[in-house]
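Please open the model in your viewer, with a cartoon display to begin with and side chains ready to be switched on. The tour below goes from one selection to the next and says what is to be found at each stop.

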Amino acid sequence: MLHPRRALAPAPGTRPQTSTLRLLPWPPPQGLVMSMELSIPGMMVCHVLLAAVTIAWVSKSTVTAPPPQNGTVMSVVGVLFKDAPTFLFFLSSLLIGQGFGVVFAYQFLLLSDLGDRGMIMGLATLCTCLTEVPVLYYSEHMIKPLGLVMSMELSITLMVGRLLWYSSMTFAWETFIVEWTHGVVFGLAWAAGTSYCRSIAPEGMGATMQGFYTAWMWGIGTGTGCLVGGTVAANWGVPAVFGVFGYANLGCLLLLLMAHAMGVL
């Protein structure tokens with residue numbers, strides 16, 4: 001059996017075939033790269049160029065001194081248990097992060113199991129990116145009439161629908177029915193979360209609080225989702241992963257709605 005990265009030896013009397021990509025002085029954009037050997041240098045070049053542009057922009061900008069900090073990192077962590085609304089807000093953010101984690105890690109495995117060979121995966125990724133942009137751009141106009149609480153309730157509702165839909169899919173193309181929800185969930189949850197964290201942060205710790213929210217949702221949430229999802233997938237299959245986290249998000253949604261109806265939120 002041939003090693004997947006080992007090239008075939010040229011037949012006697014013939015010239016070895018050389019990939020056009022390897023003749024370029026630098027790698028093409030990552031989306032066109034077909035091997036990890038090219039994508040890693042390409043990513044490095046992109047990061048270096050982005051860093052250079054950022055440094056040039058910052059050097060010409062006027063920087064104001066930040067307000068004095070009256071809190072500590074532990075005081076930021078302690079905000080989680082400040083009151084019931086804050087605890088529920090962070091609980092819903094954690095579960096949404098777990099939902100994103102299993103989508104990022106196991107959606108393509110699910111599509112592959114349903115017979116897709118790459119086209120639907122690529123189009124699904126394109127769909128999620130295209131829906132993120134307008135929602136993030138107009139997030140302020142969407143959150144203002146809804147409020148922060150209802151924005152999170154809408155986000156987790158769409159996450160529940162997306163995960164449970166994945167758990168019951170029988171054809172790969174069915175993913176497009178719910179793929180558009182990604183942008184709404186991501187945009188609203190991200191914008192509402194950073195706004196809420198800024199409002200409850202100790203004085204001078206607004207950026208730290210937003211950084212903690214990022215680590216909470218995209219670090220702990222996404223990480224635990226991938227970790228637990230792997231155990232579930234190994235024992236009950238990939239569709240069960242989406243079912244488990246779909247119902248977990250549903251339980252959190254019901255808790256939010258009950259708290260909202262009782263006036264706790």
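## Salt bridges in and around helix α5

Begin by selecting Lys 144 and Glu 140, which lie four residues apart in helix α5 and are therefore separated by about one helical turn. Since this is a predicted model, the distances quoted on this tour are computed from its coordinates. Lys 144 forms a salt bridge with Glu 140, and the closest N and O atoms of the two are 4.0 Å apart. Both Lys 144 and Glu 140 are exposed.

Next, select Arg 162 and Glu 179, whose side chains meet in a salt bridge with an N to O distance of 3.1 Å. This pair links distant parts of the chain, with Arg 162 in helix α5 and Glu 179 in helix α6, 17 residues apart. Both Arg 162 and Glu 179 are buried, whereas Lys 144 and Glu 140 are both exposed. A search of the whole structure finds two salt bridges.

## His 182

Keep Arg 162 on display and add His 182, which lies in helix α7 (residues 181-200). His 182 has a relative accessible area of 3%, and because residues under 20% count as buried, His 182 is buried. Leaving aside residues up to four places away in sequence, His 182 touches Phe 100, Phe 104, Thr 128, Thr 131, Glu 132 and Arg 162.

## Helix α9 and His 260

Now colour helix α9, residues 238-261, and look along its length. At 1.5 Å a residue, the 24 residues of helix α9 should span 34 Å, and its end C-alpha atoms are 35 Å apart, which agrees. The buried residues of α9 include Val 241, Phe 242, Phe 245, Asn 249, Leu 253 and Leu 256. If you show α3 (84-113), α5 (139-168) and α8 (206-236) as well, you will have the helices against which the buried residues of α9 pack.

Within helix α9, select His 260, which is partly exposed, with a relative accessible area of 31%. Which residues does His 260 touch, not counting residues up to four places away in sequence? The list consists of Val 149, Met 150, Glu 153 and Leu 265. The side chains of His 260 and Glu 153 are joined by a polar contact of 2.9 Å, although the two residues are 107 residues apart in sequence; their C-alpha atoms are 9.8 Å apart in space. Just after α9, select Gly 263, which takes a positive phi of about 85 degrees.

## A nonpolar patch on the surface

Switch to a surface display and select Met 119, Leu 123, Leu 126, Leu 130, Phe 171, Trp 173, Phe 176 and Ile 177, which form a nonpolar patch with about 850 Å² of accessible area together. Helices α4 (119-137) and α6 (176-179) each supply at least two residues of this patch, and α4 gives the most, with four residues. One residue to pick out is Leu 123, in helix α4, which is partly exposed, with a relative accessible area of 42%.

## The whole chain

Finally, zoom out to the full protein, which has nine helices and zero strands. Of its 265 residues, 37% count as buried. Among contacts between residues at least 6 apart in sequence, 77% join residues at least 24 apart. The protein exposes about 15,900 Å², of which carbon and sulfur atoms supply 71%.

Conventions:
Residues are numbered from 1 along each chain as its sequence is written. This is a predicted model: local features need pLDDT of at least 70, side-chain atom pairs count only at pLDDT 80 or more; totals for chains, interfaces and linings use all residues. Side-chain values use heavy atoms; hydrogens and water are left out. The expected span of a helix is 1.5 Å times one less than its number of residues. Buried means under 20% relative accessible area, exposed over 50%, partly exposed in between (1.4 Å probe, protein chains only). Contact means heavy atoms within 4.5 Å. A polar contact is a pair of N or O atoms within 3.5 Å; within protein, one must be able to donate a hydrogen and the other to accept it, and residues adjacent in sequence count only if both atoms are side-chain atoms. Patches are made of residues with over 30% relative accessible area and no salt bridge: like charges are joined within 9 Å, nonpolar side chains (Val, Leu, Ile, Met, Phe, Trp, Tyr) within 5 Å. Accessible areas come from the Shrake-Rupley method with a 1.4 Å probe; for residues, only the protein chains shown count as cover.
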